[in-house]
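Trainee: I am new to this structure and would like to take a close look at a single part of it. Could you walk me through that part slowly, and show how it fits with what surrounds it?

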Amino acid sequence: MEKQYCKVGTVTPLSSGSKTIALLEYQYQHFLEKASKGEYADAKLGEFFELKALKIKKILENLVA
């Protein structure tokens, strides 16, 4: 029987190019929109989206600076 390798959970490193910044900006806006929607306002999911947006914002600040 041959070994099989699973790619679930693998992470692709981000480069420091302009495409990376554009992708991160898109993800940041997307998570902010989801966090501000009323359907997630009282749920832990809204908090999760806010935290994801903050993490992406920190990464963007480090890339731009």
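Mentor: Let us begin with Y28 and its contacts: leaving aside its neighbours within four places in sequence, Y28 is in contact with A53, I56, K57 and L60. Please keep in mind throughout that this is a predicted model. Y28 itself is found in helix α1, and it counts as buried because its relative accessibility is 17%, which lies under the 20% that marks the limit for buried residues. The C-alpha atoms of Y28 and K55 are separated by 8.7 Å, although these two residues are 27 places apart along the chain.

To place this residue, it helps to step back to the whole chain, which has two helices and zero strands. Of its 65 residues, buried ones make up 17%, and its accessible surface comes to about 5,900 Å², with 56% of that area belonging to carbon and sulfur atoms.

The helix that holds Y28, α1, has 19 residues and reaches 27 Å from its first C-alpha to its last, close to the 27 Å expected at 1.5 Å a residue. Within α1, the residues T20, L24, Y28, F31 and A35 are buried. Seen down the axis of α1, these buried residues fall within an arc of 75°, so they line one face of the helix. An α-helix has 3.6 residues a turn, so residues three or four places apart point the same way. On the other side of α1, S18, K19, Y26 and S36 are exposed, while the buried residues of α1 pack against α2.

The partner helix can be read in the same manner. The 21 residues of α2 should span 30 Å at 1.5 Å a residue, and the end C-alpha atoms of α2 are 30 Å apart, which agrees. In α2 the buried residues are G46, F49, A53, I56 and L60, and, seen down the axis of α2, they fall within an arc of 90°, so they line one face of that helix. K44, L51, K55, K58 and N62 are exposed on the other side of α2, whereas its buried residues pack against α1.

With both helices in view, we can return to Y28 and ask what it belongs to. The largest nonpolar core has eight residues, namely L24, Y28, F31, A35, F49, A53, I56 and L60, and the elements that give two or more residues to this core are α1 and α2. Another member of the core, I56, touches L24, Q27, Y28 and F31, not counting residues up to four places away in sequence.

F31, which is one of the residues that I56 touches, also takes part in a set of aromatic rings. A search of the whole structure finds two aromatic pairs, and ring pairs link F31, F48 and F49 into a cluster. The place of F48 is in helix α2, which covers residues 44-64. The C-alpha atoms of F48 and F31 are separated by 9.0 Å, with their positions 17 residues apart along the chain. F48 counts as partly exposed because its relative accessibility is 43%, whereas F49 is among the buried residues of α2.

Methods:
Residues numbered from 1 in each chain as written. Predicted model: local features only at pLDDT ≥ 70, side-chain atom pairs only at ≥ 80, totals over all residues. Heavy atoms only, no water. Helix = DSSP H or I, 4+ residues; strand = E, 2+ residues; numbered from the N terminus. Buried < 20%, exposed > 50% of the residue type's maximum accessible area, 1.4 Å probe, protein only. Core = buried A, V, L, I, M, F, W, Y, C linked by side-chain atoms within 4.5 Å. Contact = heavy atoms within 4.5 Å. Areas by Shrake-Rupley, 256 points an atom, 1.4 Å probe, with all protein chains shown as cover. Expected span 1.5 Å × (residues − 1). Arc of directions from axis to C-beta. Phe/Tyr/Trp six-rings, centres within 6.5 Å; stacked < 30°, edge-to-face > 60°.
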